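Notebook open, coffee poured. I want the overall picture of this chain before I zoom in on a single residue.

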Amino acid sequence: MSALGFQLYSARNFQPFADIFPRLKQAGYTHVEGYGANYADADQNALQTLKADLDRNGLTMPTGHFSIEMLEQQPQQVLSIARILGMEAIYCPYLMPDQRPTEAAGWRAFGERLEKAGKPITDAGLTFGWHNHDFEFVALADGSTPQDQIFAGGPSLTWEADIAWIIRGLANPFDWIERYGKRITAVHVKDIAAAGENEDEDGWADVGHGTVEWKALVPALRKLGVRHFIVEHDNPKDIDRLINRSAASFKSF
């Protein structure tokens, strides 16, 4: 049975996070994934408080998201945060629309940029990689995709594969797992509602209550030795429902 984590971004509208941790523990989660709001502007005391809250609930934070700007401009601060919170892996999660290249060479250059930004992280012995959304799977003029070019430009980048975003990018996740499975070090476990459902939740669903083929995907990913499976929902309206139903479903995969 793979240990299950929870991306804290999913609970951003259900504050404070300290009240979320006991619910995660009770549902059987063992770890959480942090994002910028948890630590980007936190001082030493706030970070220590966060770590104590996690410890109190038997949770760890082995993975975290950091913006490309923070990675490039404050690498030592990133590493300090990672050390305090016990992170093993750091992922760059996003590129704003106005910063996205429009051609293959630009995306390859972005992969090179990520490779450079990640060097202080990997030199410190941590894992570093990219976390996808849907825009990386839209075909470019030469027939390649931004995701292909990012990996070409960043040969040592690992991949936190967000399977549901791959599907929303109109790509086949099994094909991408086959092509780049050796790079996958973490997976976002999220689900997509059937057409016309959950529109007030941006069309997302609790894990196991949507259309993503998780019963086939999880075994395929386990064969690759993926270390971190992380539940995420971008806009849940009921956080307890998300936490409990997703954990229960994952146990059956």
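Note to self on the cut-off: buried means under 20% relative accessible area, exposed means over 50%, and partly exposed is in between. I'm also keeping in mind that this is a predicted model.

**Entry: one serine.** I looked up serine 246 and found it in helix α11, which runs over residues 239-250. Buried or exposed, then, for serine 246? Its relative accessibility comes out at 0%, so serine 246 counts as buried. Next I checked what serine 246 touches, skipping residues up to four places away in sequence. The list reads Tyr29, Asp206, Val207, Val231 and Arg241.

**Entry: the whole chain.** I pulled the secondary structure and got 11 helices and 10 strands. For burial across the chain, I have 54% of the 253 residues counting as buried.

**Entry: dimensions.** I checked the radius of gyration against the globule rule: a compact globule of 253 residues would have one near 18 Å, and the chain has 17 Å, so the two agree. Along the principal axes, the C-alpha trace spans about 50 × 45 × 35 Å.

**Entry: contacts.** I took the contacts between residues at least 6 apart in sequence, and 75% of them join residues at least 24 apart.

**Entry: surface and charge.** The exposed area of the chain is about 11,000 Å², with 50% of it from carbon and sulfur atoms. I then looked at the charged side chains and got 24 positive and 34 negative. The centres of those two sets lie 6 Å apart.

How values were computed: Residues are numbered from 1 along each chain as its sequence is written. This is a predicted model: local features need pLDDT of at least 70, side-chain atom pairs count only at pLDDT 80 or more; totals for chains, interfaces and linings use all residues. Side-chain values use heavy atoms; hydrogens and water are left out. Helices (H or I, at least four residues) and strands (E, at least two) are DSSP runs, numbered from the N terminus. The radius of gyration is taken over C-alpha atoms; the globule rule is 2.2 Å times the number of residues to the power 0.38. Buried means under 20% relative accessible area, exposed over 50%, partly exposed in between (1.4 Å probe, protein chains only). Contact means heavy atoms within 4.5 Å. Accessible areas come from the Shrake-Rupley method with a 1.4 Å probe; for residues, only the protein chains shown count as cover. Lys and Arg count as positive and Asp and Glu as negative; His and the chain ends are not counted. The place of a charge is taken as NZ of Lys, CZ of Arg, CG of Asp or CD of Glu.
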